[in-house]
Amino acid sequence: WLVRLVGRHWAVALAAGGVMLTYSLTIVAILEILKANVDALDRAIALTVFALGSIVTITAPIAYATVAPERAAEHLESWKHWLVGHSRAIGVVLLAGIGGAIILKALYDLAS
């Protein structure tokens with residue numbers, strides 16, 4: 001479905017992103033940060049780092065296109081083709097990593 005958005009007007013991609021955007025990861029991350037036994041400053045730093053990390057994939061290409069528009073178009077196009085071509089492998093690696101982390105956490109919790 002996402003591949004059909006490639007080459008469309010930017011507003012169509014923006015609308016599709018808005019529809020597909022879910023806040024589940026953000027809510028879970030915020031809850032985990034709030035559950036942590038840290039002071040207010042550490043909590044604020046953790047929330048800030050999470051927020052900045054969350055938006056870097058959106059803001060980095062925009063900043064790159066703003067700073068170097070003549071080079072950015074070609075580089076961003078090649079990155080897009082690479083991401084679209086390798087999206088399944090990227091997803092598998094991410095899911096395997098998350099699954100491995102869950103298994104390690106479960107084993108640690110069982111051992112302690």
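1. Helices are DSSP runs of H or I with at least four residues, numbered from the N terminus, and it is in these terms that Lys35 and Glu32 are both placed in helix α2, 3 residues apart, or about one turn of the helix. The structure under discussion is a predicted model, and the remarks that follow should be read with that in mind.

2. On confidence, the protein chain has a mean pLDDT of 85, with 87% of its residues reaching 70 or more. The values vary by element: helix α1 (residues 10–20) has the lowest mean pLDDT, at 69, whereas α5 has the highest, at 94.

3. The salt bridges deserve a joint reading, and a search of the whole structure finds 3 of them. In helix α2, the side chains of Lys35 and Glu32 meet at 3.1 Å, N to O. The two partners fall into separate accessibility classes, because exposed means over 50% relative accessible area: Lys35, at 60%, counts as exposed, while Glu32, at 44%, counts as partly exposed.

4. A second salt bridge joins the side chains of Glu77 and Lys80, with an N to O distance of 3.4 Å. Both residues belong to helix α4, where they are 3 residues apart, about one turn of the helix. Here each partner is partly exposed, Glu77 with a relative accessibility of 35% and Lys80 with a relative accessible area of 29%.

5. The remaining salt bridge to be described is formed by the side chains of Lys105 and Asp109, which meet at 3.0 Å, N to O. These residues are 4 apart in helix α5 (residues 87–111), and so are separated by about one helical turn. Lys105 counts as exposed at 52% relative accessibility, whereas Asp109 counts as partly exposed at 40%. The helix that carries this pair, α5, is also the element with the highest mean pLDDT.

6. With regard to aromatic contacts, a search of the whole structure finds 1 aromatic pair. Its members are Tyr64 and Trp79, whose rings are stacked, with 5.9 Å from centre to centre and 25 degrees between the planes. Since Tyr64 lies in helix α3 (residues 40–67) and Trp79 in helix α4 (residues 69–85), the pair ties together parts that are 15 residues apart in sequence. The distance of 5.9 Å may be set against the pairing limit, which requires centres within 6.5 Å, and the angle of 25 degrees against the requirement that stacked planes be under 30 degrees apart. Trp79 itself is partly exposed, with a relative accessible area of 49%.

7. Helix α3 also holds Thr66, a residue that is exposed, with a relative accessible area of 61%. A polar atom of the Thr66 side chain lies 2.8 Å from the backbone oxygen of Ile62.

8. Finally, the surface carries a nonpolar patch formed by Ile27, Ile30, Leu31 and Leu34, which together have about 350 Å² of accessible area. Leu34 is located in helix α2 (residues 24–35), the helix that also contains the salt-bridge partners Lys35 and Glu32. Leu34 is partly exposed, its relative accessible area being 45%.

Methods:
Residues are numbered from 1 along each chain as its sequence is written. This is a predicted model: local features need pLDDT of at least 70, side-chain atom pairs count only at pLDDT 80 or more; totals for chains, interfaces and linings use all residues. Side-chain values use heavy atoms; hydrogens and water are left out. Rings of Phe, Tyr and Trp (its six-membered ring) pair if their centres lie within 6.5 Å; planes under 30 degrees apart count as stacked, over 60 as edge-to-face and the rest as tilted. Helices (H or I, at least four residues) and strands (E, at least two) are DSSP runs, numbered from the N terminus. Buried means under 20% relative accessible area, exposed over 50%, partly exposed in between (1.4 Å probe, protein chains only). Patches are made of residues with over 30% relative accessible area and no salt bridge: like charges are joined within 9 Å, nonpolar side chains (Val, Leu, Ile, Met, Phe, Trp, Tyr) within 5 Å. Accessible areas come from the Shrake-Rupley method with a 1.4 Å probe; for residues, only the protein chains shown count as cover. A salt bridge is a side-chain nitrogen of Lys or Arg within 4 Å of a carboxyl oxygen of Asp or Glu. pLDDT is the predictor's confidence in each residue, from 0 to 100. A polar contact is a pair of N or O atoms within 3.5 Å; within protein, one must be able to donate a hydrogen and the other to accept it, and residues adjacent in sequence count only if both atoms are side-chain atoms.
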